[in-house]
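Visitor: Hi, I have just opened this one and would like some help finding my way around. Could we go through it together?
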Amino acid sequence: MKALPITVLFGGIFLLGCAGVGADTAENGGGGGGFLGLGDDTGSGEEEEDPAKTDSDGDGLTNAEEDDLGTDPDKADSDGDGFDDPDEVEGNTDPNKASDHPYEGGWPIGACRNDVQGEGFSERDISDNFNMEDQFGEEVELHAFCENVVYMVFAAVW
Ligand SMILES: [Ca+2]
Ligand SMILES: [Ca+2]
Ligand SMILES: [Ca+2]
């Protein structure tokens with residue numbers, strides 16, 4: 001029973017504080033409704049977001065880097081293929097093309113894959129590119145393994 005007067009006293013102080021802070025005036029823009037809101041201009045020279053430092057989607061790439069890549073700065077997985085943009089950049093796949101993504105088997109994809117010029121299928125030729133199915137049932141392409149040694153086992157069953 002003795003605590004009641006103290007509670008009333010704090011309540012009175014709180015209400016007094018609300019009424020006295022941030023009252024709408026012509027000087028401060030009048031948009032606050034009491035306290036200053038996020039969009040209120042305080043006239044203090046509020047800094048704009050720096051695209052070189054801001055990462056809107058929190059995926060690890062800055063907005064400036066996403067601008068260079070042409071990816072969506074508000075989506076961690078711009079093309080919706082299940083792999084976030086930084087994983088695609090690191091994995092040498094296209095973050096703007098859903099059909100191009102890291103292999104489920106985790107095979108390394110070489111950055112040189114689009115630069116390999118096939119010469120045919122004769123001995124000592126740089127092989128032409130072709131697709132094959134890996135042990136996980138995924139189509140992989142030979143030139144994706146540039147700069148790696150690839151052992152292929154061929155089998156035919158009739
Ligand atoms: Ca980002
Ligand atoms: Ca993706
Ligand atoms: Ca992709």
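Visitor: Let me start with one residue: is Arg-124 buried or exposed?

Guide: This is a predicted model, and in it Arg-124 is exposed, because just 6 other C-beta atoms lie within 10 Å, where a count of 12 or fewer is what makes a residue exposed.

Visitor: OK, and where does Arg-124 lie?

Guide: Arg-124 lies in the loop between H3 and E1, and its phi is near 70°, a positive value in a residue other than glycine.

Visitor: Why point out the sign of phi?

Guide: The sign is pointed out because most residues other than glycine have a negative phi.

Visitor: What is the phi of Asn-92 near?

Guide: For Asn-92 phi is near 60°, which is again a positive value in a residue other than glycine, and the place of Asn-92 is likewise in the loop between H3 and E1.

Visitor: And how exposed is Asn-92?

Guide: Asn-92 is partly exposed, because 17 other C-beta atoms lie within 10 Å of its own, and a residue needs 20 or more to be called buried.

Visitor: Let's try a glycine: where is Gly-106?

Guide: Gly-106 sits in the loop that runs between helix H3, residues 85-90, and strand E1, residues 131-133, and it counts as exposed because it has 8 C-beta neighbours inside 10 Å.

Visitor: How far apart are Gly-106 and Gly-91 in space?

Guide: From C-alpha to C-alpha, Gly-106 and Gly-91 are 9.5 Å apart, while in sequence they are separated by 15 residues.

Visitor: Stepping back, what pattern does the chain follow along the sequence?

Guide: Read along the sequence, the pattern is α-α-α-β-β, which comes to three helices and two strands.

Visitor: How much of the chain is buried?

Guide: Of the 158 residues in the chain, 9% are buried, and among the contacts between residues at least 6 apart in sequence, 24% join residues at least 24 apart.

Visitor: New topic: what is the mean pLDDT of the chain?

Guide: The mean pLDDT of the chain is 79, with 70% of the residues reaching 70 or more, although the elements vary, as helix H1 (residues 4-20) has the lowest mean at 37 and helix H2 (residues 63-69) has the highest at 97.

Visitor: Over which residues does pLDDT stay under 50?

Guide: It stays under 50 over residues 1-37, and for that stretch the model has 16 contacts beyond four places in sequence.

Methods:
Residues numbered from 1 in each chain as written. Chains lettered and ligands numbered in written order. Predicted model: local features only at pLDDT ≥ 70, side-chain atom pairs only at ≥ 80, totals over all residues. Helix = DSSP H or I, 4+ residues; strand = E, 2+ residues; numbered from the N terminus. Contact = placed C-beta atoms within 7 Å. pLDDT = per-residue confidence, 0-100.
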